[in-house]
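Here are a few notes to read with the structure open beside you. They are numbered so you can go through them one by one.

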Amino acid sequence: MQRLEKFVDPLPILNTLQPNKRTKQGAYYDITMEAFKTKLHRDLPRTTLWGYNGQFPGPLIEAFRDEPVSVTWHNELPDRHILPVDTSIHGLDKLPTVRTVVHLHGMETTQESDGHPEAWYTRNFQITGPTFSKRTFHYPNHQRSTLLWYHDHAMGLTRLNVYAGLAGMYLLRDKQEASLNLPSGEYEIPLMITDRSFHPDGSLSYPAQPADAGPNLPYPSIVPAFLGDTVVVNGKVWPYLEVEPRKYRFRILNGSNTRAYQLFLDDGSVLHQIGSDGGLLRKRVDMEIIGLQPAERIDVIVDFSQLAGQTITLKNNLGPDADPADEMGDIIQFRVTNHVKNKDSSNLPSNLSYVPSLKQNDISTVRYLKLVGSADEFDRPLLLLNHLKWHDPVTEKPKLDSTEIWAFVNTTDFSHPIHIHLVQFQVLDHQTFDLERFNEDGTLIFTGSPEAASPNNRSWKDTIEVPAGTVTRVIANFGPYTGDYVWHCHILEHEDYDMMRPFRVITDDEDKK
Ligand code: C2O
Ligand code: CU
Ligand code: CU
């Protein structure tokens, strides 16, 4: 399809959703998933999407530490999916094709409110008992301030539901953050970076089969990865934003299915990184370029004060081998005006927050968890965790409040962003090993010494890139709830098939049984 002109639409600024009510028990929201049509670019006909409250991204929720939030998530979606559903995986042929369940990524909550992939529901679908088309989930917000995001998590459909538009952002605030006097109000801007492809009629394009599909593949058939050819930020194709010559705070999420970004500013300005997935870093890190895997978040300050009248682009470094025709090197353009409306009195602090090191804790278990490639009966790639499929019995059962090290051993030849529900972890290190040898006879021979995580990944994280041929070790304290949760690769095409596993946080008593 014809290229869409870049930087012709202004960036949509997300408005904060007002709660339906706010009491001593917390804030309460009703949010409805529905189909809608919207213009994603000046020259593109309207696109049918699915969105929370008919928006993409979904409405921005702003929450405060220790003030609980409850959301009733309603499913009012149509009966047929707008994207190709592969029913050959997970026995989906026996299930309705439109199923949803919302997960608030990064939130510590009970298993009932976590959006377990099997806890899906649909509009008026009846399995046995009464019909249900909504669920109310509770978010305690007993955790430090950060940017979280909510997205669909239905078994075997996550890649399609999120691609259709079921994703939104959730800002959790606290006093410590407020005390830093960071740029705020109209100078703090959440950005959801995604990639999409379109048909000329404006509809979303997503492959119904892998490009090299043989004659015997199911139709539709899941693809091993998806890379769109168009960047969409806050629901607009390659937008621009007019900014004043002063400091701005950008809360950035990679909401793409598979694509990772290497973000930098084309005038050489630094990105002052102050936070990651789990909130503020200990100290600010000034970065020239920041890698952002699917589901990762960064909190950065950009100082435009010396750049009045200039145009600066946030770019994605495609690397030396990039195809010159690849358009994905651009994200968003900033047009700096000549004057500030008001004097900028915000700070750019270097000391940010206290993050205790989990290394001091007693370590109860070290688990080696292998990321492995295999093939299914149709010879499609099948990526697994520890050679197990989603439906195999639970093997990871950390005890409540115990500290464990999870060592992810990536035996495939590309990176996977691994995410653990319920907890924020700390990345200990990455260590390279002889991948060829390992794949020959299973011997793990390290070829380098452990390398500490990069400074911007040393605070709290819930998703981390596990590079090919490395053991990446993370440490986490499992709690504050017991129950059934999941961990998975956050490349949604991998998560759906079958790079996702359950884990269960158990009590001491359960352990003895
Ligand atoms: Cu962002 Cu299990 O997901
Ligand atoms: Cu999550
Ligand atoms: Cu993966």
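1. Start with the side chain of N410, which reaches the backbone oxygen of P467 at 3.4 Å. Bear in mind that this is a predicted model. N410 belongs to strand β24, which covers residues 403–410. N410 counts as buried because its relative accessibility is 0%, and the cut-off for buried is under 20%.

2. Who else sits around N410? Leaving aside residues up to four places away in sequence, N410 touches L371, S415, H416, F433, L435, V466, P467, A468, G469 and T470. So P467 turns up in that list as well as in the side-chain contact just described. Keep an eye on H416 too, a neighbour of N410 that comes back in the next point as a copper donor.

3. Which residues hold the copper ion (ligand 3)? Its protein donors are H416 through ND1, C489 through SG and H494 through ND1, and they lie 2.0 to 2.1 Å from the ion. Along the chain, these donors follow the spacing H-x72-C-x4-H. As for exposure, both C489 and H494 are buried.

4. Now move to the copper ion (ligand 2), which is coordinated by H103 and H419, each through NE2, at 1.9 Å. The two histidines come from distant parts of the chain, 316 residues apart: H103 is in strand β6 (residues 102–105) and H419 in strand β25 (residues 416–420).

5. Are those two histidines buried or exposed? H103 counts as buried because its relative accessibility is 1%. H419 also has a relative accessible area of 1%, so H419 is buried.

6. Two cis peptide bonds are worth a look. One runs from Y219 to P220, with omega near -10°, and P220 is in the loop between β10 (188–196) and β11 (230–233). Another runs from Y497 to D498, with omega near 0°. Here D498 is in the loop between α4 (492–495) and β31 (500–505).

7. There are also positive phi values to check in residues other than glycine. N53 has phi near 55° and sits in the loop between β3 (47–52) and β4 (58–64). Because its relative accessibility is 23%, N53 counts as partly exposed.

8. D379 has a positive phi as well, near 70°. You will find D379 in the loop between β22 (363–375) and β23 (381–385). How open is this spot? D379 counts as exposed because its relative accessibility is 64%, and exposed starts at over 50%.

9. Stepping back to the whole chain, you can count five helices and 31 strands. Among contacts between residues at least 6 apart in sequence, 78% join residues at least 24 apart. Of the 513 residues, 58% count as buried.

10. What about overall dimensions? The C-alpha atoms fill a box of roughly 65 × 55 × 55 Å along the principal axes. A compact globule of 513 residues would have a radius of gyration near 24 Å, so the 22 Å of this chain agrees with that. About 20800 Å² of the chain is exposed, and carbon and sulfur atoms supply 48% of that area.

Definitions and conventions: Residues are numbered from 1 along each chain as its sequence is written. Chains are lettered from A and ligands numbered from 1 in the order in which they are written. This is a predicted model: local features need pLDDT of at least 70, side-chain atom pairs count only at pLDDT 80 or more; totals for chains, interfaces and linings use all residues. Side-chain values use heavy atoms; hydrogens and water are left out. Helices (H or I, at least four residues) and strands (E, at least two) are DSSP runs, numbered from the N terminus. Buried means under 20% relative accessible area, exposed over 50%, partly exposed in between (1.4 Å probe, protein chains only). A polar contact is a pair of N or O atoms within 3.5 Å; within protein, one must be able to donate a hydrogen and the other to accept it, and residues adjacent in sequence count only if both atoms are side-chain atoms. Contact means heavy atoms within 4.5 Å. Donors are N, O and S atoms within 2.8 Å of the metal (3.2 Å for Na, K and Ca); water is not among the atoms, so sites may look incomplete. The radius of gyration is taken over C-alpha atoms; the globule rule is 2.2 Å times the number of residues to the power 0.38. Accessible areas come from the Shrake-Rupley method with a 1.4 Å probe; for residues, only the protein chains shown count as cover.
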